[in-house]
Amino acid sequence: NVLILDFGSQYTQLIARRVRELNIYCEIHPYHKIPADIKKFKAVILSGSPFSVRAEDAPHPDLSVIRGHKPLLAVCYGAQYLAHFYGGSVERSDTREYGRAKLSKIVENNGLFQNISTGSQVWMSHGDSIKKLPENGILLASTHDVENAAYRIDGEQTYAIQFHPEVYHTTDGKQLLENFLVNIAGVEQSWTPSAFVETTVNELKAKLKNDKVVLGLSGGVDSSVAAMLLHKAIGKNLYCIFVNNGLLRKDEFENVLHQYKDMGLNVKGVDASARFLGALAGLSDPELKRKAIGNAFIEVFDDEAHQIQDVSWLAQGTIYPDVIESVSVNGPSVTIKSHHNVGGLPDFMKLKIVEPLRMLFKDEVRRVGAELGISQDILGRHPFPGPGLAIRILGDITPEKVRILQEVDAIFINNLKKWNLYEKVWQAGAILLPVDSVGVMGDERTYEKVVALRAVESTDGMTADWVNLPYEFLQETSNYIINRVKGVNRVVYDISSKPPATIEWE
Ligand code: XMP
């Protein structure tokens, strides 16, 4: 178990993911909330930070319970922090050092750099430089521009590096983390999907006993994996509800419901399409549409949950990025993401909450899902927004528009699969524009709808770029759509990145 103290770096989660890739469990905590049960951590990593250690409001936590007691790896800001506050010096660099650099010197007999050679590429991102090492500091490595690129502190298991081992551009970053965590700190590499499943199922059994649990399935990866874990722990006491809001992909409700039943889940499919479409009638503002769908979902789910006698838990597919307390860059305050508003909660929200995936990253959820035997068809699917096609039909929604978009979307997605492109794309879908454009079919002029196709690559949806799909693919897809979907006479492809655009159009 490894503690990562976050100083607000954009890369903190990446450190955690790299550590987890080494099959080592780790937790991220804000720098000013060092966990009281520090004993349970075998090693500590200090993250980078947007702050300069020389700034007045720079994070300055008391590390006395850690330093000298636990193996410590200080990254970037962490390395500067140790230098600045413990007898060394940090100054503004003449040139800001961003991007690639190469290790030009590595001190011999250096456990941190075992199996790493000079010439290895590292990624720098800092405006300050360590000019003088802290007390008892011993230089470990340099780059051409940065003399003090890595050091350790004599008499302690304290190591510090100026570059970022967590980013992919640091070629031997994972090796360095392994050297520190496994060789130096002696942490066990026992965080595997099968170990997670075993421990979690046992914990769920102990926690839930004979209680009944209700869970809303969405067809997505997270809720499906959460359901299978709970199913393994409590079997029929897990009551799953899968709601058709009428805004899912074509045939999705029937297909996915069928798959869930095959997986042995105790699942009830609820077709509430009419209710949702009724609630949406006449609305064209995107936020009002989202609200209407959110409220309709709560009503439907509440009705269904009431039909289960004596249910006491609500299970959710919350994952780790949703629960990490983030360090605010604009001051030492913290913000915690919260999913629910207080006050006026529907009954089901008063249930106790169980979140079996709350310590997992998305890629780990997939690996756990595979361990549980969930099909690739479910684990590999693209993210799909909760409000579904409603936010891909720009403007107001009618059953006819839903039908058109479902047809177009199905052709696009199936063709991506046929061309083996589906897995190379992070998310794809079609958007129905509120525009009639002129066309000609036979000798007739037509005024019909325009659809936009969108396919992006991304890792977390926060930033994204459009995918360079082959022209032949686009040509074939466009032909299929225009020839087969009545009401559409024009297809365009969205070539905007996020930022400044977003993935969805509203
Ligand atoms: P944007 O459009 O913000 O999308 O670039 C980023 C990711 O979030 C999804 N998305 C939503 N998901 N409810 C959801 O559950 C929403 O209202 C919503 N809006 C966008 C989007 O599909 C993409 O994966």
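The points below concern the confidence of this predicted model, the surroundings of its ligand and the helix α6.

1. Overall confidence. The model carries an ipTM of 0.98 and a pTM of 0.88. Across the chain the average pLDDT is 93, and 96% of the residues score at least 70.

2. The stretch 331-343. Over residues 331-343 the pLDDT falls below 50. This stretch nevertheless has 15 contacts in the model beyond near neighbours in sequence. Where pLDDT is low, predicted coordinates should not be read in detail. A reading of this segment should bear that in mind.

3. Ligand shell. The residues that surround the ligand are Arg290, Pro383, Pro385, Gly386, Pro387, Ile391, Gln427, Gly461, Lys498, Thr502, Ile503 and Glu504. By class, the shell comprises five nonpolar, four polar and three charged residues.

4. Buried side of α6. Helix α6 spans residues 252-262, and Phe253, Val256, Leu257 and Tyr260 are buried in it. These residues lie on the same side of α6 because they cover an arc of only 105° around the axis. The cover over the buried residues of α6 includes the strands β10 (212-217), β11 (238-244) and β12 (267-271).

5. Opposite face and end of α6. His258 and Asp262 are exposed, and they sit on the face of α6 turned away from its buried side. After α6 comes glycine 264, which has a positive phi, near 90°.

Notes: Residues numbered from 1 in each chain as written. Predicted model: local features only at pLDDT ≥ 70, side-chain atom pairs only at ≥ 80, totals over all residues. Near = placed C-beta within 6 Å. Nonpolar A, V, L, I, M, F, W, Y, C, P; charged D, E, K, R; others polar. pLDDT = per-residue confidence, 0-100. Contact = placed C-beta atoms within 7 Å. Buried ≥ 20, exposed ≤ 12 C-beta atoms within 10 Å, placed from the backbone. Helix = DSSP H or I, 4+ residues; strand = E, 2+ residues; numbered from the N terminus. Arc of directions from axis to C-beta.
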